[in-house]
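Colleague: I'd like to learn how to read a structure like this one, feature by feature. Could you walk me through it?

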Amino acid sequence: MESRQYYVPSGCATGGILHEAGEPISGCEIAALMGAMHERSNGLGGGFAGYGIYPEMADCYALHVMYDREDKRRAVEELLSGSTFLVRSERIPTRSTAGVVPGPDVWRYFVQVPPRNLESLTEEDYVVRLVMRINLELPGAWVISSGRNLGVFKGVGYPEDIANYYRLDEYKGYMWIGHGRFPTNTVAWWGGAHPFSLLEWSVVHNGEISSYGINRRYVEMFGYRCTLRTDTEVLVYLIDLLRRRHGLPWTALWAILAPPFWEQIERMRDQHKRAAYTALRQVYGSAMVNGPFSIIIAHSRGMIGLTDRVKLRPLVAARAGALFVLASEESAVSAVLRSPEAIWAPRAGFPAEGVLQRSEAVAG
Amino acid sequence: MLEFSAKNMSHRELNFALRQLVLSGEREIRVCGVCGHRYLGTGLPGPASITVEGVPGEDLGAFLDGCLIRVLGNAQNFVGNTMNSGQLIVHGNAGDIVGYGMRGGSLWILGNVGYRAGIHMKASHSQTPVLIVGGRSEDFLGEYMAGGVIVVLGIGCEGSTRPVGNWVGAGMHGGTIYVRGNVPGHRVGKGAKLAPCQEEDLTQLEVLLAPYCREFGLNLAALLGDPFVKLVPASPRPYGRLYVSSVGEC
């Protein structure tokens with residue numbers, strides 16, 4: 001037996017928990033959910049996104065930035081001072097944790113965008129440009145999240161250890177998503193751990209994006225730059241493009257990201273539905289995500305689980321009262337829900353959605 | 001009967017304990033507190049029987065070799081991966097890839113199964129694996145099936161067209177799939193074809209379903225009274241000439 005201890009059983013773990021009535025959930029909960037799927041990761045990446053964790057700063061964009069070079073911090077802070085109204089800046093507190101080799105210095109900046117800077121841009125476009133500029137032009141500094149009232153905490157280690165490292169037990173939010181990484185195709189580094197996040201969107205992902213090259217070239221046409229060396233990054237930019245900039249409803253996103261096969265579209269009896277699916281595949285063919293995946297998308301008002309259209313990666317959904325949970329494995333659900341009223345495996349290409357019912361103090 | 005809790009045990013410790021017990025002659029074991037423990041009962045021989053409370057992890061009963069494992073709730077993915085003989089019984093739903101490469105024994109699920117159930121099942125002269133699903137199956141049921149029998153009862157799908165998903169039996173070249181209810185032609189995968197159920201099929205179904213119905217308290221006569229359809233390979237050797245045909249011939 002001893003000689004086989006090196007064996008690692010496969011994976012990637014995804015998970016998420018949302019209180020649909022907006023009650024705060026401790027970061028301990030998502031750490032427990034991910035810890036229950038320990039076997040799915042191999043210690044080469046863990047991370048979390050918390051929504052509603054900065055209510056007192058909810059009108060500021062919270063930029064979480066990793067630095068592996070001190071001079072880059074000065075450069076970023078200079079850039080932020082010149083292009084935003086910098087309300088507060090601080091190093092994100094961490095604690096020494098067995099299993100986590102301390103990584104880059106991670107800071108957070110609460111910023112507002114001065115209206116006179118906008119010219120013809122929207123505030124969100126302005127923030128996206130700022131994030132892209134830092135990640136592209138200042139290597140050694142990486143913006144890992146940029147939404148309001150939310151933040152990403154990630155690094156190299158098992159997810160439950162990363163949660164301890166970032167002291168997530170000291171945070172509360174109405175929604176959390178988490179990830180345990182088992183990197184297969186790309187390098188394991190702090191910025192390459194999941195979630196990937198931009199503005200209000202965050203994504204965790206189990207699988208691989210075979211269409212990464214096509215998707216990447218497509219989003220680059222709209223000004224996004226993939227700099228974080230993990231395929232999942234492109235999903236966040238696709239979602240920002242389709243949802244925020246093109247204003248498409250979520251239902252159209254499923255039809256674009258994980259569309260029905262052509263033969264299934266041809267069999268649709270409703271001619272309007274058939275025409276809509278055909279048009280979306282024709283117009284957004286370059287945004288189709290090929291390859292095996294199950295993903296959890298978090299946005300300010302809820303979270304969504306989705307698998308590829310032939311279900312090559314696992315995902316289960318569960319509900320107990322106002323709590324909505326997504327996880328790679330059913331067994332993990334019991335780590336956070338005592339007695340779920342419903343537990344199900346979403347069908348391939350069909351979303352499982354949890355929706356926040358409250359309207360004040362949301363992230364975004 | 002020997003009972004213990006798997007709480008605070010790793011999957012390695014739990015499997016080590018089960019193996020020690022079964023090999024030392026314990027006949028009846030009950031484990032509670034199971035939560036995501038993988039490879040439960042891997043390769044265990046008979047005649048022991050193990051009852052599982054909680055949700056077992058991936059690859060439940062992989063390479064099972066004669067043991068009986070009964071799960072009182074749901075199971076996850078890869079149930080009965082390459083099992084050789086014995087019995088796996090799930091009193092709930094199971095996930096994807098149930099009975100992957102199964103080559104003997106029986107695998108009974110009371111509820112639904114996910115995608116790719118019975119993928120690449122195979123039979124030999126002495127062994128015929130049997131997978132019975134009480135509820136419905138998602139896509140790719142019996143994909144690349146080479147032997148054995150799959151039965152989907154579709155309980156709860158009455159009147160609907162989907163006791164099974166799309167691409168049923170895609171690439172199959174052996175074995176038989178029975179479905180209670182209707183399977184529309186467009187759901188039949190390439191390599192499989194629909195066939196009517198004959199008298200001998202009904203006899204076989206009765207033999208297979210009688211113990212299944214006893215286990216789960218189902219009405220055998222009522223189920224057998226409903227129409228079944230059968231899926232069989234369109235060809236026993238679909239790729240026989242793949243590498244020998246000249247251009248234009250395939």
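Modeller: We'll go through salt bridges, then the sheet and helices, then some backbone oddities. Keep in mind that this is a predicted model.

Colleague: Fine, salt bridges to begin with. How many does a search of the whole structure find over all chains?

Modeller: The general idea is that side chains of opposite charge can pair when their charged atoms come close. Here the search gives 29 salt bridges over all chains. Take E20(A) and R319(A), whose side chains meet with 2.9 Å from N to O. E20(A) sits in the loop between β1 and β2 of chain A and R319(A) in strand β15 of chain A, so this pair ties together parts that are 299 residues apart in sequence.

Colleague: Are those two partners buried or exposed, or in between?

Modeller: E20(A) is buried, at 11% relative accessible area, while R319(A) is partly exposed, at 23%.

Colleague: And what does R40(A) form a salt bridge with?

Modeller: Its partner is E329(A), with the closest N and O atoms 2.7 Å apart. R40(A) lies in the loop between α1 and β3 of chain A, and E329(A) in the loop between β16 and α11 of chain A, so the bridge links parts 289 residues apart in sequence. R40(A) counts as buried at 5% relative accessibility, and E329(A) does too at 4%. There's also a network of salt bridges here: R40(A), E329(A), R38(B) and E58(B) are linked in it.

Colleague: Which residue does E138(B) bridge to?

Modeller: To R162(B), at 2.8 Å between the closest N and O atoms. E138(B) is in the loop between β7 and β8 of chain B and R162(B) in the loop between β8 and β9, so the parts being tied together are 24 residues apart in sequence. Both residues are buried.

Colleague: Next, sheets. In what order do the strands of the open sheet in chain B run?

Modeller: A handy general point: in a regular strand the side chains alternate between the two faces of the sheet. In this case 11 strands make up the open sheet, ordered β1-β2-β3-β4-β5-β6-β7-β8-β9-β11-β10, and the pairing is mixed. At the edges are β1 and β10 of chain B, each pairing on one side only. From one strand to the next the twist averages 15°.

Colleague: "Mixed" is a bit abstract. Which strands run parallel, and which antiparallel?

Modeller: Let me give you examples. β4 and β5 of chain B run parallel and are joined by 5 bridges, with D65(B) opposite S85(B). β5(B) also pairs with β6 of chain B in the parallel sense, over 4 bridges, and there L88(B) faces L107(B). For the antiparallel sense, look at β9(B) and β11 of chain B, joined by 4 bridges; V179(B) has V229(B) as its bridge partner.

Colleague: What packs on that sheet?

Modeller: Helix α1 of chain B lies across β1, β2 and β3 of chain B, running at about 175° to β2(B). Helix α2 of chain B packs on the sheet as well, touching β4, β5, β6, β7, β8, β9, β10 and β11 of chain B, and its direction makes about 60° with that of β6(B).

Colleague: What is H11(B) in contact with, beyond its sequence neighbours?

Modeller: H11(B) is placed in helix α1 of chain B and counts as buried, at 9% relative accessibility. Leaving aside neighbours within four places in sequence, its contacts are E39(A), H37(B), R38(B) and Y39(B).

Colleague: Over in chain A, which residues of α1(A) are buried?

Modeller: They are G27(A), I30(A), A31(A), L33(A) and M34(A). These cover an arc of only 160° around the axis, so they fall on the same side of α1(A). At the start of α1(A), a side-chain oxygen of S26(A) comes to within 2.9 Å of the backbone nitrogen of C28(A).

Colleague: Last topic: backbone oddities. Where are there cis peptide bonds?

Modeller: One is from H194(A) to P195(A), with omega near -5°; P195(A) is in the loop between β10 and β11 of chain A. Another is from G46(B) to P47(B), with omega near 0°, and P47(B) lies in the loop between β2 and β3 of chain B.

Colleague: And what about phi for F63(B) and W167(B)?

Modeller: F63(B) has a positive phi of about 55° although it isn't a glycine, and W167(B) has one of about 60°, again without being a glycine. F63(B) is in the loop between β3 and β4 of chain B and is partly exposed at 46% relative accessibility. W167(B) is in the loop between β8 and β9 of chain B and counts as buried at 17%.

Note on methods: Residues numbered from 1 in each chain as written. Chains lettered and ligands numbered in written order. Predicted model: local features only at pLDDT ≥ 70, side-chain atom pairs only at ≥ 80, totals over all residues. Heavy atoms only, no water. Salt bridge = Lys/Arg side-chain N within 4 Å of Asp/Glu carboxyl O. Helix = DSSP H or I, 4+ residues; strand = E, 2+ residues; numbered from the N terminus. Buried < 20%, exposed > 50% of the residue type's maximum accessible area, 1.4 Å probe, protein only. Pairing = 2+ DSSP bridges. Arc of directions from axis to C-beta. Polar contact = N/O pair within 3.5 Å; in protein donor to acceptor, adjacent residues only side chain to side chain. Axes fitted to C-alpha atoms, helices over the stretch in contact; angles between N-to-C directions. Contact = heavy atoms within 4.5 Å.
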